[in-house]
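Let us walk through this structure step by step, going from the chain as a whole to its aromatic side chains.

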Amino acid sequence: MRVKNTIFMGLFIISFLTFSYSSGNLVAKDVMTGFYFSDHIVPNEEIVWDIAKFDTEGVPAEWPLKTGYTAVEGDQIKIKVTKDPDELNISHYGELFYSDVDWAEFYLNDAYLSDNPSDLDLTLNLTDEILMAWLFILPTTIEFDTGNESLFEYFYDMMTPYTYSNDSGIFEVSLTSDLFTQKLQIEYEYALLFLPGIFRVKQTIEMSYNIVTGVLDKLDVYAFASSSESTNEAHIILLNEDSTQKVSIHWATGFIALLTIGLAVGYMRKR
C-alpha cells in the first residue's frame, strides 16, 4: 500500500472542562509516503484481548460495544482477520477501527458483532467527561522517500526529548526488544471561584505495543478525581492474550475524572 502526505502523531491529548495540561507538541518532522502492517496481521489470524480489569465507582462498570452486547471484566474482545490490511484501499491506519472498511470480524467472547468497525464503539465512553480512545493494531513500518523505518523506533526517537518527571507528573517512553511503551501520569489540585472546595485529580495511562506484530499488548488506564460533591474512579486494563505482562495492583480509590485521553493518529492520503 502506498500513501502520500504528512503525519501528525500526538501521543496523548488531554483536556479538562476547566483545566488543560499538555506534555508537549509531538509533531513528526519528516514527510511519510506510506505505512505497512506486520506480516502477522494476515487472513485467518485471530487476535484476542482480555478485559483483565474493569473497576469503576460512580461511572458505568460496563462497555457497550454494540447495542445488545456489553463487555464487562472477564470478557474477551476478538478480531479475526479476513483481509491483509496492506491490500486495503485506506488513506490512514485509523480507518481499520473507525470506518466501514471490511477487513476483519469482531467478536465479544464467541458472539459475532460485525465485520463493519463503524457499527461498534471501540472507545470507552464511560460518561460525557470520560473518553478513552486507542487503536488495537498499528503499522510496524513507515515509508519515507529515503527508505523504510520501524514505526516504533521512529516514535521512540521523536518522543524521547519530551519525557519528564516532576511534581506535576511523569511522561515516559521505552523501547525494548519486544515492546514499545508510553506512560503519562498527571496529578494536581485546583479550585473554582464559583464552587466550594478543592478539586483533586490523578490520571495515569500506560500503553504498550508489540513491536513485531503492531498489536496492542496492554492498556492500563486509571482516572481518579474528587470534589466536595462527589468521588468517582475508573481503572481499566486490556491485556493481549499472548502478553507476558501482568495486571497491576489497584491504586487509590475515589474521584471523578473530567478528561479526554486519546491517541491521535495522522491522516495520510493515498497516492
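Accessible areas come from the Shrake-Rupley method with a 1.4 Å probe. On that basis, the accessible surface of the protein chain in this predicted model amounts to about 12400 Å², and carbon and sulfur atoms contribute 48% of that surface. The chain has 271 residues, of which 52% count as buried, and its secondary structure consists of two helices and 21 strands. Among the contacts with a separation of 6 or more, 64% are between residues that lie 24 or more positions apart in the protein chain.

Turning to the aromatic side chains, a search of the whole structure yields 13 aromatic pairs. One of them joins F97 and F106, whose ring centres are 6.5 Å apart and whose planes stand at 75°, so this pair is edge-to-face; both F97 and F106 are buried. F97 also pairs with F136, where the ring centres are 5.8 Å apart and the planes meet at 45°, so that pair is tilted. Because F97 belongs to helix α1 (residues 95-98) while F136 sits in the loop between β11 (130-132) and β12 (141-144), the pair ties together parts that are 39 residues apart in sequence. Both F97 and F136 are buried.

Which residues do ring pairs link into a cluster? The cluster consists of W49, F97, W103, F106 and F136.

A further feature involves a charge and a ring: the charged end of K80 sits over the ring of Y107, at 4.5 Å from the centre of that ring.

Notes
Residues are numbered from 1 along each chain as its sequence is written. This is a predicted model: local features need pLDDT of at least 70, side-chain atom pairs count only at pLDDT 80 or more; totals for chains, interfaces and linings use all residues. Side-chain values use heavy atoms; hydrogens and water are left out. Helices (H or I, at least four residues) and strands (E, at least two) are DSSP runs, numbered from the N terminus. Buried means under 20% relative accessible area, exposed over 50%, partly exposed in between (1.4 Å probe, protein chains only). Contact means heavy atoms within 4.5 Å. Rings of Phe, Tyr and Trp (its six-membered ring) pair if their centres lie within 6.5 Å; planes under 30 degrees apart count as stacked, over 60 as edge-to-face and the rest as tilted. A charge sits over a ring if NZ of Lys or CZ of Arg is within 6 Å of the ring centre and within 35 degrees of the ring normal.
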